[in-house]
Amino acid sequence: MSRKRTNGHPGDTHTFDLFDDTAAEMREQREQREPSEPTPTAATEQVSAYLALSDTAELLALCERWVARGWLRDLDRALVRFFAMEAPDAPPLLLLGAALASHQLGRGHVCLDLNATLSAPDFALSLPPEGDDLTDPPPLPSQVLAPLTLADWQAALNHPLLASDGPGNTPLVVSNNGNTTKLYLRRYWQYEQTLHQEIAHRLEAMNADGESALLPDALTILFDNTGTLDWQKTACALAARNRFGIITGGPGTGKTTTVVRLLALLQTLQLAAPDDQPLRIRLAAPTGKAAARLNESIAGQVNNLPIDQLEQLLTNRVMSEDETRRSATKTRSLHPVNKQFEERFNTVSSSAIAIPTEVTTLHRLLGAHPDTRHFRHNAANPLALDVLVIDEASMVDIEMMTAVLRALPAQAQLVLLGDKDQLASVEAGAVLGDLCRRAEAAHYTPETAQWLEHATGQPLPPDYIDAQGQPLDQAITMLRVSHRFNEHSGIGQLAQAINQPSHNHRPEEKHQAVNQVLRHGYPDLHHLTLTDDAALDKLVIHGSPDKFINGGEGRTDHNGAPIAPPTGYRHYLNVLNAQRPRGESFEESADAYNDWADALLSAYSHFQLLCALRKGPWGVEGLNLRIAKTLRHEKLLYGSDFTLEKGWYEGRPVLVTQNDYGLKLMNGDIGITLAVPDPRTPGKTLLRVAFPTSDPEKPIRWVLPSRLHAVETVFAMTVHKSQGSEFKHTALLLPPTINPILTRELVYTGITRARDWLTLIEAKRGVMNEAVTREVMRVSGLEGI
Ligand SMILES: Nc1ncnc2c1ncn2[C@@H]1O[C@H](COP(=O)(O)OP(=O)(O)OP(=O)(O)O)[C@@H](O)[C@H]1O
């Protein structure tokens, strides 16, 4: 094949004539085909594939076919159409790049990596869509891009109206770094630039707290000397030193525990300075569910803080200084925060060391304007705070993270908490994962190691010290010891085996490690390979406690408290029936109905089935209906097939899928549908959905089903939606065939939702092994900070 081509400069030619001769030949062949000829063969599809690179109309037609198949979004095609209209001389190859770059956003990537796309082109589209029967398929990207080199593609991206390498206002940005080329839509390139700059500025400006003479003593009060390297103490020290910090760790490694101590530490160091007011600290999480969970655990932990000892430390310090110069400080330092401050920041006590206990969502914190991308707080109207802590930061996408950093005052400190190995947000940008790529080996410089040893009294092992460490490395701590799952926990061991990065291990090694855990006979883990429907039905009804050692009896948690055996959905439906209030009037018996709903919601959190897919018999849609029918068969639910599939019925658990500020419901909230007395018709009932609130005065929000527009039944929940939640017994169902969505991150995220019990279900043996050796390819340019 001849490769006559130009470099696509508008001055050179108006058409990008890559493979021109071949394409012309092929077009001719196709035109000669009789209209009555049967459907296209592989050869004629190959013709379309080549034509798409030389002819804009052909490319648009191909995009159309991809959209019809669900491989590309309508949005992506619309963008390309628009570019083709605005710049008719745009090379088709540039337009193809734009379509694929736009498509990556819908799949979580902020840009298109051209090198990666050329080596695995079919990953650039949503292939294969669930349930596609693949008859008459359009050409695949691998067919379209087969003859292309990186240099060809780079040359085609050279179009002054549409693409530049950064400056200007072209809609596309091409970023060349060494041998890699990435194509961005400008907005996302801009987000990355802003994040880079904001984080780099904060890393340059260290906190005065890092120099405080009080730091080592305060850390000694907050952390017992265990004789081993305490990463939680290290995390607190580094976070106090830097204006930007990350604390990452798996489930139960003590992220919340650490951050509560960090807040006490920061407030103590602040009060030791002569002229400072208590810090204004805000806590936030990306979803309502995650915020509620942090709220709960923080409230529990704040009471265990050694506040008296920290206050004593402050008093001693003040007393030891020049009395006259410090007398004012003494009184002010230890003076409780005033009422207004307490109310504004919801601090826990009237102590001077004011620790906030209320967690808000990021949308609320920034002041989201419904239906726009804009927030009330931004660079021109920054947030009024000194410290912002964001939990579950792995779920924050690049757009939201940029909005947060833009709205943060320059002097304010940002601390991100999260599990770097979890699935990233479904929106574009795996910010936490990207920033933590080097967290495993720490890469602390000798200078940081020396400072840490002084602050914490702990020398760092040489493995974590690297003279080439980058500034960002110095602000990240990875917590490495799970306090919830010890070496006797199958959940913990499985998480660890799955989480070994594939580049360190051959797939067979990983399979072996995973299978060893599955076969070991851990008390909290059951591995189920489906051979018939009965086992799955039994699991969702009863939880199959008989499959666990001792029927799940006799286990205790790390604090010695007994763990109840695993349950299925019968558990909450029993509570629904057994504890139904007898009150005739919903209003007069409000407390009784609230207590009932509260007990029911708590019982619901004992079991959750998670799955990977949305569609098909192994996806949320198929499983929801199947489980509802199974529960009806057990006389635990009632309703026709139609009602169970599309309507409302008592016992229906629902998941909120979009924030609704009017109803005060957040994406991720779970509610349960209940029949309560109808105030207008005595003796009759009506359905209302009970949602938990964080308001002790009004613990349940009762909502009429007709007001709920973005909810879905949640007998089965996707792993993506389960992020930020945790269930006593989690059952993770993997479908029988491998699918691009099944990755190590997905399986890890699913199994770490389990608090006490995990049932891992393989619809067909072997899928788990395949899934755990496939990693999400995170494509972004967030590196080198
Ligand atoms: N250093 C420690 N020593 C003993 N127990 C600890 C320690 N740190 C945390 N814990 C306990 O371990 C459990 C998990 O801690 P925590 O909730 O802080 O972890 P986490 O990383 O925030 O968990 P997750 O996000 O998975 O819910 C808690 O019960 C906590 O009291």
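Student: Where does Gly249 lie, and in which strand?

Tutor: In this predicted model, Gly249 lies in strand S5, which covers residues 244–249. The UniProt record, in an unreviewed entry, places a "binding site" feature at Gly249, Gly250, Pro251, Gly252, Thr253, Gly254, Lys255 and Thr256. Gly250, which follows in that list, is in the loop between S5 and helix H12 (255–272).

Student: How do I read burial here, and are Gly249 and Gly250 buried or exposed?

Tutor: A residue counts as buried if 20 or more other C-beta atoms lie within 10 Å of its own, and as exposed if 12 or fewer do. Gly249 has 24 other C-beta atoms within 10 Å, and is therefore buried. Gly250 is also buried, because it has 23 C-beta neighbours inside 10 Å.

Student: Which residues are in contact with Gly249 and Gly250, once neighbours within four places in sequence are left aside?

Tutor: With those neighbours set aside, Gly249 is in contact with Gly254, Lys255, Asp419, Met478 and Leu479. On the same basis, the contacts of Gly250 are Asp419, Asp421, Ser482, Ala495 and Thr752. Asp419 therefore appears in both lists, if you go by the rule that C-beta atoms within 7 Å make a contact.

Student: In what sense do S5 and S10 pair, and over how many bridges?

Tutor: The pairing of S5 with S10 is parallel and runs over 4 bridges. One pair of bridge partners is Thr248 and Met478, the latter in S10. Strand S10 (residues 476–479) is covered on both faces, with Ile476 and Met478 buried on one side and Thr477 and Leu479 buried on the other.

Student: What is the strand order in the open sheet of 4 strands, and which are its edge strands?

Tutor: The order in that open sheet is S1-S4-S3-S2, and the pairing is mixed. Strand S1 (112–113) and strand S2 (163–164) are the edge strands, each pairing on one side only. S1 pairs with strand S4 (residues 180–185) in the antiparallel sense over 2 bridges, and Leu112 stands opposite Leu183 in S4. Helix H9 (residues 186–204) packs on this sheet, where it touches S3 and S4, and its direction makes about 110° with that of S4. Helix H5 (residues 92–105) lies across S1, S2, strand S3 (172–177) and S4, and runs at about 75° to S4.

Student: How should I judge the length of helix H25, and what span should its 15 residues have?

Tutor: One compares the expected span with the distance between the end C-alpha atoms, and for the 15 residues of H25 (residues 590–604), at 1.5 Å a residue, the span should be 21 Å; the end C-alpha atoms are 21 Å apart, which agrees.

Student: Which residues of H25 are buried, and where around the axis do they sit?

Tutor: The buried residues in H25 are Tyr593, Trp596, Ala597, Leu600, Leu601, Ala603 and Tyr604. They cover an arc of only 160° around the axis, and so they are on the same side of H25. The face turned away from that buried side carries the exposed residues Asp591 and Ser602. As for partners, the buried residues of H25 pack against helix H24 (570–578) and against strands S13 (653–656), S14 (670–677), S15 (685–692) and S16 (700–703).

Student: How far apart are Lys615 and Leu600, in sequence and in space?

Tutor: They are 15 residues apart in sequence and 28 Å apart in space, C-alpha to C-alpha. Lys615 is in the loop between strand S12 (607–611) and helix H26 (620–633), and it is exposed because it has 12 other C-beta atoms within 10 Å.

Student: Which residues have a positive phi although they are not glycines?

Tutor: Among them are Ala442, with a phi of about 65°, and Asn550, with a phi of about 60°. Ala442 lies in the loop between helix H19 (431–435) and helix H20 (446–456), and with 23 C-beta neighbours inside 10 Å it counts as buried. Asn550 lies in the loop between helix H23 (533–542) and H24; Asn550 is exposed, with 11 other C-beta atoms within 10 Å.

Student: How many helices and strands are there in the chain?

Tutor: The chain has 30 helices and 20 strands, and 48% of its 785 residues count as buried. Among contacts between residues at least 6 apart in sequence, 71% join residues at least 24 apart.

Methods
Residues numbered from 1 in each chain as written. Predicted model: local features only at pLDDT ≥ 70, side-chain atom pairs only at ≥ 80, totals over all residues. UniProt positions renumbered as here; feature names shortened; annotations may be inferred. Contact = placed C-beta atoms within 7 Å. Expected span 1.5 Å × (residues − 1). Arc of directions from axis to C-beta. Pairing = 2+ DSSP bridges. Axes fitted to C-alpha atoms, helices over the stretch in contact; angles between N-to-C directions.
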